[in-house]
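Biologist: I am new to this structure and would like to learn how to read it, one feature at a time. Could you take me through it?

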Amino acid sequence: MTVLEVLQSTTAYFKKREIESPRLNAEHLLAHVLKRKRIELYLEFERALTEPELAPLRELVRRRGLGEPLQHLLGTVEFAGRVFLCDKRALVPRPETEELVERLFELTINHQPSTIIDIGTGSGVIALTLAAHFPDAEVHAVDISNDALALARENAARLDLQQRVRFAKGNLLEGVEGQFDLIVANLPYVPATDRPTLAREVLHDPESAVFAGERGDELIRELIIVARDRLHPGGLLALEVGIGQADDLAALMTEKNYHDIASIRDYGGVTRFLFGRYG
Ligand SMILES: C[S@@+](CC[C@H](N)C(=O)[O-])C[C@H]1O[C@@H](n2cnc3c(N)ncnc32)[C@H](O)[C@@H]1O
């Protein structure tokens with residue numbers, strides 16, 4: 001079979017298996033197996049593939065068809081212009097979280113944070129992206145999962161940012177002392193009751209990265225409360241939240257005396273990000 005024929009048949013198979021963006025998935029997997037850039041496949045459409053090239057592809061296509069995330073099969077994910085290792089030790093970083101980081105860049109353009117902490121760092125994407133963007137900032141990252149921290153540290157080393165981010169294990173802000181100009185968190189926010197409705201791919205993320213309780217927003221509520229003592233005066237709390245959670249959480253921030261509270265929609269139209277200052 002030629003490159004084009006393989007792409008066409010894989011796309012058709014993924015469509016049947018209800019994989020989102022079937023052609024894109026096919027291209028990514030074939031490029032991965034052939035060690036090419038995806039765009040380079042277009043120059044080779046007529047080339048016949050050999051059996052040693054096809055065999056590993058078949059296995060990846062089978063696994064993708066069963067709902068294994070593309071990023072786990074590739075072993076990497078792109079986030080805010082950098083490539084991060086990605087596997088089952090931590091949540092697959094989502095495009096919405098790249099938006100959270102973009103909004104943060106805009107919000108801090110006139111006043112760069114000197115002390116930053118990323119709570120629930122997972123693969124480290126937020127902390128490492130912020131460390132690269134704010135070269136003078138002291139950056140901390142915490143997670144409750146040893147597996148996630150191991151992956152985050154590997155990502156830090158790969159990006160040569162290991163000297164820039166201090167990783168620690170702990171529940172929310174416990175385990176790290178001091179106050180911060182910016183506390184950012186993409187904590188688990190899916191309600192336990194949503195489990196049956198989730199895409200197959202999400203079930204490959206660690207449980208502790210996805211679910212936080214019956215309501216979903218339990219951990220975020222707790223952070224809103226404990227973050228007050230840990231922000232420098234006027235410091236910023238930046239949160240990614242789940243669908244339908246923003247209004248209640250913004251009300252909690254108002255009740256707890258945060259100011260300059262802003263709820264911001266993601267590109268999909270979901271109110272996804274909450275910002276507020278304290279003190
Ligand atoms: C939704 S994932 C986000 C990962 C990463 N920040 C990202 O945006 O891709 C949430 C992370 O919070 C961590 N976590 C869950 N409960 C926590 C807690 N009580 N304290 C600190 N981290 C927690 C999970 O282990 C997981 O890595």
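Modeller: We will go through the domains, the ligand site and the salt bridges in turn, keeping in mind that this is a predicted model.

Biologist: Into which domains is the chain divided, and how many Å separate their centres?

Modeller: The assignment gives domain 1, covering 3–66, and domain 2, covering 88–278, and the centres of domain 1 and domain 2, taken over C-alpha atoms, are separated by 35 Å.

Biologist: Turning to the ligand, how many residues surround it, and which are the closest?

Modeller: The ligand is surrounded by 20 residues, of which G120, D143, N171, L172 and N186 are the closest. Sorted by character, the residues of this shell comprise 10 nonpolar, nine polar and one charged.

Biologist: Which atoms of the protein lie opposite the oxygen and nitrogen atoms of the ligand?

Modeller: In the side chain of D143, an N or O atom is 2.6 Å from an oxygen atom of the ligand. The backbone also takes part, since a polar backbone atom of L172 is 2.9 Å from a nitrogen atom of the ligand, and a polar backbone atom of I144 is 3.4 Å from a nitrogen atom of the ligand.

Biologist: How much of the ligand's accessible area does the protein cover?

Modeller: As a general idea, the size of an interface is often given as the accessible area that is lost when the parts come together. Here the ligand on its own has 590 Å² of accessible area, and the protein covers 96% of that. The elements that give two or more residues to the shell are helix 6 (125–133) and helix 8 (207–210).

Biologist: How many salt bridges are there, and where do E59 and R62 lie?

Modeller: The count comes to 21 salt bridges, taking a side-chain nitrogen of Lys or Arg within 4 Å of a carboxyl oxygen of Asp or Glu. E59 and R62 form one of them, at 3.0 Å from N to O, and both lie in helix 3 (residues 51–65), three residues apart, which is about one turn of the helix.

Biologist: Why does E68 count as buried, and R63 as partly exposed?

Modeller: The side chains of R63 and E68 meet in a salt bridge of 2.7 Å, N to O. E68 counts as buried because its relative accessibility of 17% is under 20%, whereas R63, with a relative accessible area of 28%, is partly exposed. Elsewhere, salt bridges that share partners join R36, E44, R47 and E53 into one network.

Notes
Residues are numbered from 1 along each chain as its sequence is written. This is a predicted model: local features need pLDDT of at least 70, side-chain atom pairs count only at pLDDT 80 or more; totals for chains, interfaces and linings use all residues. Side-chain values use heavy atoms; hydrogens and water are left out. A residue is near a molecule or strand if one of its heavy atoms lies within 4 Å of it. A polar contact is a pair of N or O atoms within 3.5 Å; within protein, one must be able to donate a hydrogen and the other to accept it, and residues adjacent in sequence count only if both atoms are side-chain atoms. Accessible areas come from the Shrake-Rupley method with a 1.4 Å probe; for residues, only the protein chains shown count as cover. Helices (H or I, at least four residues) and strands (E, at least two) are DSSP runs, numbered from the N terminus. Ala, Val, Leu, Ile, Met, Phe, Trp, Tyr, Cys and Pro count as nonpolar, Asp, Glu, Lys and Arg as charged, and the others, Gly among them, as polar. Domain bounds come from an automatic or database domain assignment. Buried means under 20% relative accessible area, exposed over 50%, partly exposed in between (1.4 Å probe, protein chains only).
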